[in-house]
Amino acid sequence: MSEAGVKDYEAMAWYGFFAPRGTPADVVNKLNLQINIALDDPETRQKLQRDGSVEVVGGSPEAFGALVEAETAKWKSVIKRGGITTD
């Protein structure tokens with residue numbers, strides 16, 4: 001993108017697990033624990049990273065929430081500046 005004259009371009013794909021609004025914190029924390037355990041499993045990591053383009057990252061619900069908020073704000077701004085609309 002820099003060769004095309006676009007500075008500071010960044011785009012990444014990410015995946016995450018969501019629960020319905022209002023899900024009790026203890027349920028979210030139990031799910032999060034099990035997801036992190038699965039992501040730490042070498043066989044699971046190997047399957048997720050088989051093409052080399054995926055970085056497997058676990059973490060807390062709070063860290064994931066911060067990522068979602070930051071990505072939403074970034075792309076909302078891009079959409080507004082670009083005058084992008086749906087058909």
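I79 sits in helix α3, and at 40% relative accessibility it counts as partly exposed, because that value falls between the 20% and 50% cut-offs. Its C-alpha atom is 36 Å from that of D26, a residue 53 places away along the chain. Keep in mind as you look around that this is a predicted model.

**The helix that holds I79**

- Helix α3 covers residues 61-82, which adds up to 22 residues.
- From its first C-alpha to its last, α3 reaches 31 Å, close to the 32 Å expected at 1.5 Å a residue.
- What comes right after α3? The helix is followed by G83, and the phi of G83 is positive, near 65°.
- Here's a handy bit of background: an α-helix has 3.6 residues a turn, so residues three or four places apart point the same way.

**E71, another residue of α3**

- E71 also lies in helix α3.
- Is E71 buried or exposed? With a relative accessibility of 8%, E71 counts as buried, because the cut-off for that label is under 20%.
- Which residues does E71 touch, if you skip those up to four places away in sequence? They are M12 and W14.
- So within α3 you can look at both labels: E71 is buried, while I79 is partly exposed.

**The chain as a whole**

- How many helices and strands are there? The chain has 3 helices and 0 strands.
- Reading from the N terminus, the order of elements is simply α-α-α.
- The radius of gyration is 17 Å, well over the 12 Å that the globule rule gives for 87 residues, so the chain is more spread out than a compact globule.
- If you drew a box around the C-alpha atoms along the principal axes, it would be roughly 45 × 35 × 25 Å.

**Burial, contacts and surface**

- Buried residues make up 6% of the 87 residues, and E71 is one of the buried residues.
- Take the contacts with a separation of 6 or more: 54% of them link residues 24 or more positions apart.
- The accessible surface of the chain comes to about 7,700 Å², and carbon and sulfur atoms account for 57% of that.

**Charges**

- How many positive and negative side chains does the chain have? There are 10 positive and 13 negative ones.
- The centres of those two sets of charges lie 6 Å apart.

How values were computed. Residues are numbered from 1 along each chain as its sequence is written. This is a predicted model: local features need pLDDT of at least 70, side-chain atom pairs count only at pLDDT 80 or more; totals for chains, interfaces and linings use all residues. Side-chain values use heavy atoms; hydrogens and water are left out. Helices (H or I, at least four residues) and strands (E, at least two) are DSSP runs, numbered from the N terminus. The radius of gyration is taken over C-alpha atoms; the globule rule is 2.2 Å times the number of residues to the power 0.38. Buried means under 20% relative accessible area, exposed over 50%, partly exposed in between (1.4 Å probe, protein chains only). Contact means heavy atoms within 4.5 Å. Accessible areas come from the Shrake-Rupley method with a 1.4 Å probe; for residues, only the protein chains shown count as cover. Lys and Arg count as positive and Asp and Glu as negative; His and the chain ends are not counted. The place of a charge is taken as NZ of Lys, CZ of Arg, CG of Asp or CD of Glu. The expected span of a helix is 1.5 Å times one less than its number of residues.
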